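This report looks at the empty space in a protein model and at the ligand that goes with it. The sequence and structure come first, followed by the pocket, the ligand's surroundings and the cavity.

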Amino acid sequence: MARKRRELAQRPPLSPRARPEPRDFADALLRRAPGRLLSVIAEVKRKSPSGGAFPHADVVAVARAYEAAGASAISVLTDGPDFGGALEDLVAVRAAVSVPVLRKDFLVAAREVEESALWGADAVLLIADALEDGELREMLATARAVKVAALVEAHTEAHAERALAAGAELVGINNRDLATLKTDVGTALRVMPRLRTRARVLVAESGLKSVTELVSAREAGADAVLVGESLLRDADPGRALRRLLGEEGLSP
Ligand SMILES: O=P(O)(O)OC[C@@H](O)[C@@H](O)c1c[nH]c2ccccc12
């Protein structure tokens, strides 16, 4: 986050761009296909600090395959140094699919929420654990003003409570501790039941790889899951998503 703050200070001001009509991210997650237990936000990234390099450089082709396999939204990493992404990937993916697109990055300022909207993001990720209450509120207000959905992520119950108090409606529980990069898929299962009546949309994030884990996430209150690595490890990420969605049998 310190690096992100330094980079932002050096960036030139925004130039206006034509923004495409936003797609409704919350609605896409809540409106599940018939017989489907929960929605999947499928993620594209070229590499990650925890997973190394993935065998798919063409994130647009992967995003198309995810959509064809039933993804309700696509998450695009736009961080360059750690994830090999760029804002251009967001633009290219959004043009290639018809589902909403989430900009996944370590945003540190309201100005970047505005920037995300101008680049065509339908949603942005905000990380509660890394933002002060005031920053979170300001970024949420900007998101509302520019009509970008904000998925506010927390790794602990305390940060999830801060997110709700700041006015977050879409809350993600990250199974991965961003400080240690360790993943415990039980994290979201423990925290989500305490939030389920108060968040409009609940998302379980990171480390998910099996139908059984998705069923558990649903039982704990998840409306959606955010999945990257386990799909990107497969030679055919679309097939991996179909398998995860239990085209072989995941039903309520
Ligand atoms: O690739 P995974 O383990 O399926 O996880 C996806 C997503 O949850 C993860 O990439 C993530 C969650 N929160 C983040 C914040 C920044 C960067 C990345 C992330």
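A pocket, as the word is used here, is an open set of points on a 1 Å grid over the protein atoms alone, with protein on both sides within 12 Å along at least five of seven lines, and its volume is the space filled by probe spheres set on those points. The model is a predicted one, and in it the largest pocket holds about 540 Å³ of space. Of the 30 residues that line this pocket, Lys45, Phe83, Arg176, Leu178 and Ser206 are the closest to its centre. By class, the lining of the largest pocket comprises eleven nonpolar, eight polar and eleven charged residues, and at least two of its residues are supplied by each of E6, E10 and helix H10 (229–232).

Where does the ligand sit? The ligand is placed in the largest pocket, and the elements that contribute two or more residues to the shell around it are strand E6 (123–127) and strand E10 (224–227). The shell itself is made up of six nonpolar, four polar and seven charged residues. Of these 17 residues around the ligand, the ones that come nearest are Glu43, Lys45, Glu153, Ser206 and Gly228. Lys45 and Ser206 are also among the residues closest to the centre of the largest pocket.

Among the polar contacts with the ligand are those in the table, two of which involve side-chain atoms of the protein, while the contact of Gly207 is made by a backbone atom.

| Residue | Protein atom | Ligand atom | Distance |
|---|---|---|---|
| Glu153 | polar side-chain atom | nitrogen | 2.6 Å |
| Asn174 | polar side-chain atom | nitrogen | 3.2 Å |
| Gly207 | backbone N or O | oxygen | 2.9 Å |

On its own the ligand has 440 Å² of accessible area, and the protein covers 98% of it.

Apart from the pocket, the model has one cavity of 30 Å³ or more, and about 30 Å³ of space lies in the largest cavity. Its lining consists of Asn175, Val185, Ala188, Leu189, Ala204, Leu208, Glu213 and Ala217, with helix H8 (186–191) and helix H9 (211–219) as the elements that give two or more residues to it. Six residues of the cavity lining are nonpolar, one is polar and one is charged, whereas the lining of the largest pocket contains eleven charged residues.

Note on methods. Residues are numbered from 1 along each chain as its sequence is written. This is a predicted model: local features need pLDDT of at least 70, side-chain atom pairs count only at pLDDT 80 or more; totals for chains, interfaces and linings use all residues. Side-chain values use heavy atoms; hydrogens and water are left out. A residue is near a molecule or strand if one of its heavy atoms lies within 4 Å of it. A polar contact is a pair of N or O atoms within 3.5 Å; within protein, one must be able to donate a hydrogen and the other to accept it, and residues adjacent in sequence count only if both atoms are side-chain atoms. Accessible areas come from the Shrake-Rupley method with a 1.4 Å probe; for residues, only the protein chains shown count as cover. On a 1 Å grid over the protein atoms alone, a cavity is a set of points where a 1.4 Å probe fits but cannot get out, and a pocket is an open set with protein on both sides within 12 Å along at least five of seven lines; lining residues have an atom within 4 Å of a point. A molecule sits in a cavity or pocket if more than half of its atoms lie within 2 Å of its grid points. Helices (H or I, at least four residues) and strands (E, at least two) are DSSP runs, numbered from the N terminus. Ala, Val, Leu, Ile, Met, Phe, Trp, Tyr, Cys and Pro count as nonpolar, Asp, Glu, Lys and Arg as charged, and the others, Gly among them, as polar.
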